Amino acid sequence: MAAKTIQILSPIFFFTAFLLCGFLRADAAPAQNISHPHRYIVFFAQSPRIPQNVINKILNSTYFCLNIPLMPNETLSDNIGELIASGKAEISLSLQPEPIWTAVYSIYDKNAETQDMLSYFVKYNAESLKNKFKTGKFGLYLKSGALNSEMPVPLSQNKLLWVNASNLKSGRGIYKINGMPVFSVYDDMPASQNEFMKWLSAKKESVIPAVLTEKHLNSLDFMSYLIDLFDKSQYIKPASPLYITDSAKNLMINPGASVSFNGIDLNPYINEKLYSAVDALKKYRNIGKYSEASYRGAQSELLILFDYQLLSAVKAGREDAKRTFETTYDNLFRYLGFVSISESELEALRKEADPYSKNTNLYAQDTPITADISAVSNGINIASADIVRNLTVVSEGNSVRISIRFATDGWDSNVSFADIYIDMNSIDGLGSTSMLKGIKGFLESENGWEYAVRMYANRALLYRDSPDGQTLLAEFPVSNGTVNINRFIKGNPQNWAVQVIAVKTNSNINEPIDFLGKSGRPKKDILANQPFELPAIRLKKK
């Protein structure tokens with residue numbers, strides 16, 4: 001007789017089974033029909049671009065549902081239409097351009113004129129979406145997540161039923177602010193099965209609003225895992241935003257007067273331009289010769305000035321964003337026939353914005369960053385004076401050796417990882433200026449990287465910029481801060497520009513703590529002003 005085999009189950013199996021049978025316990029009816037399950041998770045898709053194989057999986061699920069943001073003029077694909085028709089997806093209004101409501105309210109008086117400007121913009125878009133889908137029941141999805149406590153007023157006036165936020169200081173969940181349901185969302189949901197259950201088990205809210213990024217939605221394996229998990233769950237069920245606002249109102253948190261939001265910090269030069277643009281609109285309303293068409297045209301330009309992506313890029317110092325900002329600003333004043341703020345006034349503001357140097361860049365507040373770089377045999381050596389003390393990049397046959405030295409012996413225990421960016425040509429517009437995932441920063445436009453290395457104490461991940469984005473190429477071992485990268489990178493490091501960002505991770509939050517170079521301004525101030533922008537360091541051309 002054959003011997004019996006005893007199968008040893010892994011701790012992960014027991015942990016998952018415990019969560020599914022206990023932590024995720026409850027009724028068996030769909031989320032939209034449950035009278036009172038214990039907890040809900042509400043999924044907000046970041047975009048309507050969802051692959052057909054994922055849509056098929058959602059259509060075949062028992063409980064899974066999500067919200068999909070749509071712009072009124074957006075062409076709707078048949079597969080998304082099928083998802084909406086099945087009741088598995090709910091639409092929300094997405095605005096383009098999307099104004100930073102907090103900034104608008106900070107410079108407008110909180111009066112009827114403010115609400116008039118914003119209400120007109122929201123009303124136009126909401127009516128367009130309503131006519132397209134023959135329904136008036138939807139909320140507003142802000143891609144930026146930037147909200148203010150007064151913003152619900154024009155939203156409720158236009159019969160929008162909810163709004164999301166990612167800058168609410170109080171926490172996550174669903175809140176009732178000035179009568180409007182506000183989903184304070186998690187935008188850090190992991191896209192791997194191994195990390196998801198750990199992330200979910202740490203959430204204690206009755207309603208867990210979470211963003212599904214395109215990375216989540218484009219992964220059939222992960223989406224299948226997620227859908228199957230919540231089909232089996234008996235305690236946490238997926239629900240649509242409208243189900244929560246209609247049938248689970250008792251789960252809303254009312255913070256009262258204590259509600260507060262994080263805003264975007266801009267330098268005085270940008271702020272003054274925004275102030276002067278709004279002030280021009282106010283003055284125009286009071287002049288004798290008033291043109292409604294000119295006023296509405298100027299309002300449209302103002303909303304573009306407050307666009308979240310535009311101001312974030314301006315703050316980061318991107319040249320294309322600066323040009324767009326300046327052109328939009330000038331167009332606003334042309335609509336109204338006014339003269340914009342004088343350059344002498346702006347020069348005074350520049351000095352106030354940047355007291356550290358005579359920097360002529362009105363947008364940036366940082367002094368020039370320099371470094372001690374020297375040529376060595378087949379490579380370069382860069383000395384620095386803080387946490388990262390030295391970087392050496394040397395070509396050795398078919399490989400490139402990269403070595404980092406810290407102020408401490410060996411790998412610095414305060415550094416979770418270091419990102420090394422390699423710009424092989426220093427040509428403006430080539431390569432990626434966005435730093436690797438998890439770091440809110442840019443390289444200057446002429447220093448776009450072709451290769452990047454994320455180095456840990458014992459391993460290094462090699463990335464390449466490609467049309468598909470940041471592509472992981474290979475993993476290499478690290479010994480004493482040194483990695484040898486075979487085959488992938490070729491050339492003479494003396495022609496390259498490089499930069500290093502040392503990062504400390506606390507509670508899944510990446511905090512940049514040092515970079516190569518020196519500046520008259522403290523490095524911690526430069527890195528704290530996110531998204532920050534840094535140059536790469538290269539040998540001077542002779």
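The crossing of α7 and α9 is right-handed. I start there, and one caution comes with it: this is a predicted model.

Stay with that pair. Helix α7 covers residues 193–201, and helix α9 covers residues 220–232. Their axes come within 10 Å and cross at roughly 40°. The two helices are therefore oblique to each other; an angle under 35 degrees would have counted as roughly parallel.

Who makes the contact? From α7 we have Q193, F196, M197 and L200. From α9 we have D221, F222, Y225, L226, L229 and F230. Sort them by class and you get eight nonpolar residues, one polar and one charged. Look at the spacing of those numbers while you have the helices on screen. An α-helix has 3.6 residues a turn, so residues three or four places apart point the same way.

Just past α9 sits S233. This serine is in the loop between α9 and β9, the strand at 236–238. Is S233 buried or exposed? S233 is buried, with a relative accessible area of 1%. Its C-alpha atom lies 9.6 Å from that of Y63, and the two residues are 170 apart along the chain.

Now the second helix pair. Helix α13, residues 308–315, packs on helix α14, residues 319–336. The angle is about 120°, and the axes are 8 Å apart. That makes α13 oblique to α14. Perpendicular stops at 115 degrees, so an angle of about 120° falls outside that class. The crossing of α13 past α14 is left-handed.

The residues here are these. L310, L311, A313 and V314 come from α13. They meet A321, K322, T324 and F325 of α14. The class count is six nonpolar, one polar and one charged.

Step back to α12. This helix runs over residues 292–305, which is 14 residues. What span should we expect for α12? At 1.5 Å a residue, the helix should span 20 Å. Its end C-alpha atoms are 20 Å apart, which agrees.

Helix α12 is mostly covered, with ten of its 14 residues buried. The buried set is S294, Y295, R296, G297, A298, Q299, E301, L302, L303 and L305.

Pick out one of those, E301, in helix α12. Relative accessibility is 12% for E301, so this glutamate counts as buried. The cut-off for buried is under 20%. What does E301 touch, leaving out residues up to four places away in sequence? The partners are T328, N331, L332 and Y335. There is also a C-alpha distance to note: E301 to Y329 is 7.2 Å, with their positions 28 residues apart along the chain.

Next, a strand residue. N67 belongs to strand β2, residues 66–70. Its relative accessibility is 0%, so N67 counts as buried. Leave out residues up to four places away in sequence, and N67 touches F43, F44, A45, E90, I91, S92, W162 and P241.

Two backbone points now. Both concern positive phi in residues other than glycine.

First case, K134. Phi is about 55°. K134 is in the loop between α5, residues 112–133, and β4, residues 139–140. The side is open here: K134 is exposed, with a relative accessible area of 72%.

Second case, N378. Phi is near 65°. N378 is in the loop between β10, residues 372–376, and β11, residues 379–383. How open is N378? Partly exposed, at a relative accessible area of 47%.

Last, the whole chain. How many helices and strands are there? The protein chain has 16 helices and 23 strands. The chain has 542 residues, and 52% of them count as buried. S233, E301 and N67 are among the buried ones. Then the contacts. Take those between residues at least 6 apart in sequence: 64% join residues at least 24 apart.

To recap the helix pairs: α7 with α9 crosses right-handed, and α13 with α14 crosses left-handed. Each pair is oblique.

How values were computed. Residues are numbered from 1 along each chain as its sequence is written. This is a predicted model: local features need pLDDT of at least 70, side-chain atom pairs count only at pLDDT 80 or more; totals for chains, interfaces and linings use all residues. Side-chain values use heavy atoms; hydrogens and water are left out. Axes are lines fitted to C-alpha atoms, for helices over the stretch in contact, and angles run from 0 to 180 degrees between N-to-C directions. Helices (H or I, at least four residues) and strands (E, at least two) are DSSP runs, numbered from the N terminus. Angles under 35 degrees count as roughly parallel, over 145 as roughly antiparallel, 65 to 115 as roughly perpendicular and the rest as oblique. A crossing is left-handed if the near helix is turned anticlockwise from the far one by less than a right angle, and right-handed if clockwise. Contact means heavy atoms within 4.5 Å. Ala, Val, Leu, Ile, Met, Phe, Trp, Tyr, Cys and Pro count as nonpolar, Asp, Glu, Lys and Arg as charged, and the others, Gly among them, as polar. The expected span of a helix is 1.5 Å times one less than its number of residues. Buried means under 20% relative accessible area, exposed over 50%, partly exposed in between (1.4 Å probe, protein chains only).
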